[in-house]
Structure formats: structure tokens, C-alpha cells
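Open the model in your viewer and switch to a display that shows side chains as sticks. The tour below goes from one charged pair to the next.

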Amino acid sequence: YFYIIRWDGSKLVSICRGSGGKNAKIVKMSSSKAFVWYYGTMREVTLGSTTASLGSTITLSSAFTPSSIDALSSTAMIAVNGNGKAAILTVSGSSITTGTQYTFSTVSIGAKVVALTSTKAVVVYGNKARVMTINGTTITMGAELTYCDTSISNFSVDKLSGNVVCITYAATNIYTVLCDATTTTLTKKAPVEIVSSPYSTSIDTARLDDSTIAIAHTARSGSSDIGKVQL
């Protein structure tokens with residue numbers, strides 16, 4: 001199952017539950033609408049102040065199964081997959097149309113995407129990243145940036161303010177690097193070491209405000225995995 005939950009001021013409360021959502025993820029479209037997605041399936045979530053309801057199941061194109069999705073607007077999403085492809089998903093009523101696929105990498109690799117505006121997004125894949133410019137369902141790829149000289153498979157990306165994105169990744173240790181996407185060519189600042197954790201197994205980040213990112217990661221202590229969070 002997957003659950004939609006809310007914070008009531010003192011605790012988390014489940015307000016909606018759906019089945020069939022193994023490895024489910026969510027993309028927020030507006031303050032009242034989101035989509036839960038898992039593999040090639042999506043379900044619309046209608047959000048109230050204290051309630052939520054699920055719409056019918058929507059099956060995406062079998063030719064494109066996303067690994068990461070972010071909202072461009074209330075009716076459009078940018079999606080990428082592990083085969084180095086990106087596409088626009090257009091929402092119309094209870095249907096979702098997958099646009100033309102565009103290549104950002106010729107190597108099959110894990111990829112994540114974050115939308116900056118309705119016409120701009122950044123895709124991160126391995127130790128590389130690039131800006132994607134969106135015009136309708138057309139995607140134009142900017143130059144490729146190598147943000148880390150080491151091969152990376154464990155990373156997360158989130159937006160800070162304006163055109164700045166924050167990439168957090170595990171190499172020898174865990175690092176964060178800020179990248180500027182003001183133009184179609186990404187530029188980066190020097191990476192900052194977050195924690196010495198050579199055994200990190202997973203990383204996720206969430207933007208709190210224009211200058212603060214929460215970083216969750218799994219570290220190993222002896223024979224046990226320990227979850228940690230820091231700002």
C-alpha cells in the first residue's frame with residue numbers, strides 16, 4: 001500500500017490509502033492536486049485541507065517507464081528514465097499523454113530530474129548533469145556538466161532558489177555541490193563535504209527554504225544500518 005499523510009501539528013495522520021503502490025513516489029502539481037506513481041502507473045490525488053481522495057489508475061506509455069518525475073505546471077510534468085531518455089507528460093482530464101523521447105545520455109544509468117520553472121529543468125545522471133529547456137513537448141538539451149570526477153550511483157537533487165540546484169552524492173564521503181542553471185550551461189561551485197560516511201547506502205534531500213536543504217542518508221555502524229538526517 002501507499003499512504004497520503006498530513007501533519008496535524010503534533011503527529012502524522014493517514015488520510016488516504018491506495019493499493020498496488022510498491023515503490024510508490026509522488027509528484028505535486030498544485031496545492032490541491034498530485035499524482036502517485038509507481039512503475040508505469042499513475043493515480044491522481046485530490047487534496048483538501050484535511051482529506052485526500054484517489055482517482056482512477058492511469059497507465060503510461062509502455063515505451064517509456066519513468067525513474068523520476070517533477071511537475072512543470074498543473075498540467076505538465078518532466079520525466080526521465082534509466083535509459084537516458086526524457087519526455088513531457090501532459091495531463092488532460094483523466095488521461096496522461098507521453099511526448100516524444102529525447103536523449104540526455106547514451107548510457108543506461110540511474111537518473112533524477114528537478115524542475116526549476118515551467119520551461120526549465122535539470123537532469124542528474126551518475127556524475128553528470130545538464131539543463132533541459134522545454135517548449136511545449138519539445139526538450140532541448142544543454143551542455144553536459146561533470147559535477148564529480150568519480151563514478152556516482154547514489155545521489156539526490158533538489159532546487160534551492162531561482163536557478164540554483166543542490167546535488168548531494170556519495171563518493172568516498174557524502175558531498176553537496178551547488179550548480180547554477182541560469183543559462184543552458186550548468187556551472188558549479190566547489191563541493192562541500194557533508195559527512196564522512198564511506199558506507200552510505202542511500203541519500204535523499206528535501207528543500208526547506210531558499211537556503212536550507214534537509215539531507216537524509218543511511219550509514220553503517222558495525223553490522224547495522226542507521227538512518228540520519230541533517231541540514
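Buried means under 20% relative accessible area, exposed means over 50%, and partly exposed covers what lies in between. The model is predicted. It holds three salt bridges, and each stop below is one of them.

**Stop 1: D8 and K11**

Select D8 and K11. Their side chains meet in a salt bridge, with N to O at 3.0 Å. Colour the pair by accessibility: D8 has a relative accessibility of 33%, so D8 counts as partly exposed. K11 comes out at 46% and therefore counts as partly exposed.

**Stop 2: R130 and E144**

Next, select R130 and E144. The closest N and O atoms of this salt bridge are 3.4 Å apart. Show the backbone as well: R130 lies in strand β14 (residues 128-135), while E144 sits in the loop between β15 (138-141) and β16 (145-146), so the pair ties together parts that are 14 residues apart in sequence.

Is R130 buried or exposed? At 14% relative accessibility R130 counts as buried, because the cut-off for buried is under 20%. Its partner E144 is partly exposed, with a relative accessible area of 40%.

**Stop 3: R207 and D210**

Finally, select R207 and D210. In this salt bridge the closest N and O atoms are 2.2 Å apart. R207 has 37% relative accessibility and counts as partly exposed; D210, at 47%, also counts as partly exposed.

As background to these stops, side chains of opposite charge can pair when their charged atoms come close.

Terms used. Residues numbered from 1 in each chain as written. Predicted model: local features only at pLDDT ≥ 70, side-chain atom pairs only at ≥ 80, totals over all residues. Heavy atoms only, no water. Salt bridge = Lys/Arg side-chain N within 4 Å of Asp/Glu carboxyl O. Buried < 20%, exposed > 50% of the residue type's maximum accessible area, 1.4 Å probe, protein only. Helix = DSSP H or I, 4+ residues; strand = E, 2+ residues; numbered from the N terminus.
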